[in-house]
Structure formats: structure tokens, C-alpha cells
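User: Please take a close look at one part of this model and describe how the pieces there pack together. I would like one connected account, with terms explained as they come up.

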Amino acid sequence: MERIYIFLGLFSFVFFLEAIGGSYINSAVQNIERQFQMSSKTSGFMISASDFGYIPCVVFIAHFGSKGNRARWIGAGAILVSITYLMLATPNFLFPQGHHDINTTAVAAQLKPTTAQLASNSTLRELLSYQLIRDRMSQDTYMSLMKLDDETTPIEDYHPIGKPPSSNNTSYTIDGWLIDEAIIEADKVINNGTSQNNLRNSLAMFIRRRVNSSEKDIKKIRISAAAPFTFCGTLTNSLRSIIKDSKCEEQSSNNYPFMVFFFSLFFLGIGRTVPWSLGVPLLDDNIKKKSLPAYFGAISSIRVLGPICGYMIGSFCNKFYYTLNPPNGLTPADPTWIGAWWIGFLFIGTIALFPSTLLFFFPQGKQGSSSAVQLHDVHKEKLKKTVDEDRTIKMKLKDFGKSVKSVLSTKIYIGSVLGRVCDILAFKGYIVFLPKYLENHFGIPQYLVHRYMAMFGVFGFGLGAATGGWVTKKLKLNGRRAAMFVMLMSTVNVCLYSAKMFIGCDSIVNSIGLNNRETNYNFTRVCNSECACENARLYPVCDPTGYAYFSPCHAGCREAKQYGSNPLLDFTSCECAAGGVVSKKYCENTCKTSTVVFFLTVLPGSFVAGLGVVPAMLILLRSVPPESRSLSLGLQGMAVSLFGTLPSPIIWGLVIDAACLVWDKTCNGARGACAIYHPDRLRVWMHLLYVVIRTIALFTDIYVWKHAKHLNIMDEPVSEEKDNIRRNSIKMQAVQPDQ
């Protein structure tokens, strides 16, 4: 096998792994937001950190790296990228969200019965004042009982009708089975006027069972307080508040995790400057020009397989909870689920080290041999012969400035770069926050979102890139014909994304926001005002009619029951809900049709976007002299990063945050992650912003078409020039060792 094909395989594999990491970062953003309570604006700025490293380095690395052993430069950059992926996993271990030592003295004091409550003639009022009983009684039942005259007859032994629940079933309230019997007796007293004896006996038995069960009761209350759902209960929710305060004392903000992510991505940006700006010209030096469209199409397709794998890895990792021990009642389909995002970074970083190291030590081959790979830029070496090799740094910088000026004076190059900047400005932020949009707008679980993005979006783009390379070669698209092809693809893309503005749906989470517009998204009602729901997290549940509630606590539910291993809990004694019961099983997804229609536009849209990749890349590459190709790609990379990838996630984060209706709160009371969005604003603003930016890109494509009349992207250079380049290459290899 020829050495160039081995290099091509390693180079493509490194590109493949880099693309895996790029898409995997997108799949991890929402999990990171939830675990460390970041807004979309903050996470968008964090994602842009790679461009802060990329921008100041890309031009200099492209210019000076092209004068050395380019394979070694590419390998070094890839090794740095591998290390940064490992660094990205570290915040999960440096800032764990695990067990916290808390002070339960206040809770224990409320669990301790008073002397009057343990007396043999305790009144009904004294028994009802016990906090666990008060939490379990509905407001109407409690107030009705408090209006009754006290009876002081002696308390008798109570003989329960039922039994404690089996080990297969779980109740999240203490002795809930006994309180259920007491509530039945309370209804008899209120509605039928029966004696209070049985009611007092059952309540007294409940209180006496607490005397020697303090530690056991606190443990159960703590389990309820740490659960992902919140139900009505002052004692449980007060402990939840204590746990939250304890976490805040240990980790006052998300600044430290943010800094680790930011600097990891910063170094990632430095590492990724090398492969594209040096690798493409290296292949151009070693492959026939007529074969370049096919090779570039193949490389683009192979690299597009990376995002497919990245999203599939994200889908796999998101099925695991980030602690690897999911709490009861939470499944990957829940909107508050936090996937094990850190696993993917460890996997990708470890795997990427091997091909990166091989590329770093890649041998050039026997000097002068036809199978040798030209690792040094022959055009740079040819120019070196005409100048004094003992030039000063000042002279080299002056030549660098002249080269930059020469590249920037090319109209086709400027138009092409502006077009690609607009493309990336629209695409980068959109794709980063698309998983969040699909989960919130259509109610698709995260792991399925990433699977669908791989199946429809990335696959369509890869197929389009391969097809675009084949079409460019088959139809011999040259000059204006290639520019016209790119322009037509941009037009179709704008039309398809315009259609997405009208594909809407109200998911379960969205319906919670829409149901509470009249109260300005205040979920507190008279029926749940005594439940202490202030710290309740989003946990959507529905009543039998399908009406959605922010949490079981806001539905006024005082009991949570789990039957066997079924993760779908039933919440009962719900004062605010029809039928007095709510559960996730009553929440019906009405967005299936809209989801299908949306993804039917994704596949052709991504395919069309991919069709224009190869001709646009060849136009850019051929619009400057051969000796300026690395510099032109470096300048293009800097422009795309500075004006495209850097601001894009920040802009999109601001737009998405502007559509937020309900925010989670951080320890200092500031905004954390968004819980509920306005569905119409989110849908229209996201796609309108994309369409506007891509329309500007369309005008730049028209500008390129206007000036591309004499552009040559397909023909080989004349034989004499090829022979001169070949001879110079062999001579320079004979006298200059690998750097």
C-alpha cells in the first residue's frame, strides 16, 4: 500500500475523532447546564472558549507550520485535543454532587412527640398538631376536624385494618398505611358524625410509634427530601431546603466548574487549529488535481461519520444517570434527567491518543522515492531558494504581512470566506441548542434527540457532501458553474428552514407554562399554599384528564407510592387535581405528528447543505496562489472562528434565554438553568435568526458567482510546472531532514 494512503487513513481517522468530540460536546451541553445550574448564555459563552484559543493561533500555525514537517504538526495538535477531552470530564469528579452532612436537629425536634400528645386522654386537637399528621391531612379535612368539640375519653389500643406495605412496594411517607386508615376515620367523623374514638386511637398509635423510631424516620424523610420529585409536606420540604443550603455552603457557585470547562475548551481550540489548515494543502500536494473532488468528498463524508458516532455515543451515555445511580421516580424520558455526559469525554480522549501519536511519528519515506509523502510544502521550499535563508525575524514578519495582504486582495476569496462565516454563524449556535429545542418543544427524551440528529441530520449532511464531490467531478463544475451550484444549494436551504418556523407543538412541559399564563407563571394556589413548594424542581405530572402540573407538590399531593420496580409513581391525596391523583402515566404526548414532519424537513435540509461543501471548499482553495493555500485556510479559519463560531453560541444562547418563562434558582438567588420556555417564541426566534443569517450568506454566494468567471478548480497545472515542482521537492528532501 502506498504511503500516502496510510497517511490519508490516519488523517481521516483523526478528523473522524475530532468530529466525534465536536458533536459530543453539543450532546453534553444541556446535561452540564442542569448539573451545574448554568443558563444558555453561560453555556454558550463556555462553548465559544475553543475559539478564544483557535483565533490567535490559527494564522501563525498555518503560516509557520507549513514550513516544517506538517504531519508532526498535525499529530501534535491532535494529541493536545485528546488531552483536552480527558480534561473536560474532570468537573464531574472535582465538583461531585454527592452526599452532604446536614444538621437534622430541627427536624428531629419536630418528630419528638410532646407529653400531651402521648397522654392517655389526648384531645383530637393535640394529636392533629403533630407535624407529620398535619402534613398528611388535607387543608379541608384538617380545618373541619379542628372545629369539632374535643373528646377526652381514654385512648384505647388501635387494631389496624390493613398491614404495612410489602417490600416490593414503596411509600414515601412514614407509616402512610396507618395515616390512610386515620383519614378514612376522619371522613366518617366529619360526614357521618361518628365518635372520635377510632380516629383518636389511630392517630395516637401513629404518634407512639415515633417514640423509638427517630433515626429511622429521619432517614426516610431524607430519602423523600432527596428524591427528584417534591410532594406536599412541610417537614419533608424543610429538610429539602436544609440539604440545598448545605450544598450551597460547600459549592457557592458554578464558577469553578465553568473555569475548568472554559480552559479545557480553550486548549481544545489551540489543538484543532492544525489538522485543517495544514492537512488539506498536504493532501493537495500529493494527490492529482482531477481526483481532489472525490478525495475531498470522501474525507468530508468520513468526517461526517464522526458527528453521527458522537451523537450516538451521546445517546448511549444519556441513558445513564450522571451519578450512575438514578433516584427512584426518574427515568431518561424525564425533562430533568441528567445524563452521564462525562463518560463520553473519557472514551473519546483515550481512543484519540493512539492515531494522534502515530501521526506525530509518521515517516516521510525514502527520500526521492515515488512512494514518499511530501510532508513539506513544495511551494514554500521553491520560494525559499530565491531568498536569503539568513533573514531576520523582522523580514520574515514583513513577508508574512505581504502574504496576508495578497490573500485578502482576492475578491473571490473574500466573498467565499464571508459566505462561510455566515454559514457557521447560523449553523453553530443552532446545532448546539437544537437538542434543547427538540426536548422542550416536542417532548423528545435527550437520548432519542441525539439518535434522531445522527440518523437524519448528520447522515443527510454526509451523504450530501459525498454526492457534492461526485457531482463536482462528474459535471466538471468549474468557475461560475461551481459557484452557481453553491448558490442554488443555499437558496433551497433557506426555504427549508423557513418552513420549520411553522412546525409547532405544545409538549407536556410547554403546556405547564401555557396553563399558568394568567397567574404570570406563579404555580402557588390556595390548595397548595400550605405545602412549602418553594424549592420544588420541575417534575411534570398529569391528572386523569391530562392537565399538567409543575410538580406533585403543586398538585397538592401528600403521598407518593411506587409499586414494585415501576418507575412511574402514583401521587395521591392531591387537593388541586381532578380525581385526587396524578402520575406521569397520565401525560400523553400529542407531538408525534409534528415530530415526524419536523424531521422530514431535516433530512433534505442537511443533504442540501452537504451538497455545497466540496465545491465551496475547492473555490476557496483555488482562489489564491498555491504557495498561499495554508495561509488562506488559516485566515479563513480565523475569520470563521472570530465572526462565526465564537459569537454564534453566545447569540443563540441569548435568544433562547429570552424565550424562558420559568427559571431555576442558584444558591445566591440568581438565575440558573431554564425550566420552561415559551414555545412560540422559541420556535420562531430560533428559525428566523437562522434564515436571516443564511440569507446574508446567499448574497455573498451571488458575489462569488459574479467574479468566478475565470476561476479554475479542476484542471491540472502544466507539465513543465509539475516537473519543476517535483524536482525541487526531491532536491529539498535530500538536504533537509524532518523537523
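Analyst: In this predicted model, helix 21 passes helix 26 in a left-handed crossing (the near helix is turned anticlockwise from the far one by less than a right angle; helices are DSSP runs of H or I with at least four residues, numbered from the N terminus). Helix 21 spans residues 411–442 and helix 26 residues 613–622, and the two pack at about 140° with their axes 9 Å apart (lines fitted to C-alpha atoms over the stretch in contact, with angles from 0 to 180 degrees between N-to-C directions). The pair is therefore oblique, that is, not under 35 degrees, over 145 or from 65 to 115. Helix 21 brings Ile-412, Tyr-413, Ser-416, Val-417 and Arg-420 to the contact, and helix 26 answers with Ala-616, Ile-619 and Leu-620 (contact means heavy atoms within 4.5 Å).

Helix 26 also packs against helix 23, at an angle of about 135° and with 9 Å between the axes, so that these two helices are likewise oblique, and their crossing is left-handed. Here Pro-615, Ala-616 and Ile-619 of helix 26 meet Ala-482, Ala-483, Phe-485 and Val-486 of helix 23.

Helix 25 joins this picture through its buried residues (under 20% relative accessible area, 1.4 Å probe, protein chains only), which pack against helix 21, helix 22, helix 23, helix 26 and helix 29. Among those buried residues of helix 25 are Phe-598, Phe-599, Val-602, Gly-605 and Leu-611.

Local features need pLDDT of at least 70 and side-chain atom pairs 80 or more, whereas totals for chains, interfaces and linings use all residues. Residues are numbered from 1 along each chain as its sequence is written, and side-chain values use heavy atoms, without hydrogens or water.

Terms used:
Buried < 20%, exposed > 50% of the residue type's maximum accessible area, 1.4 Å probe, protein only.
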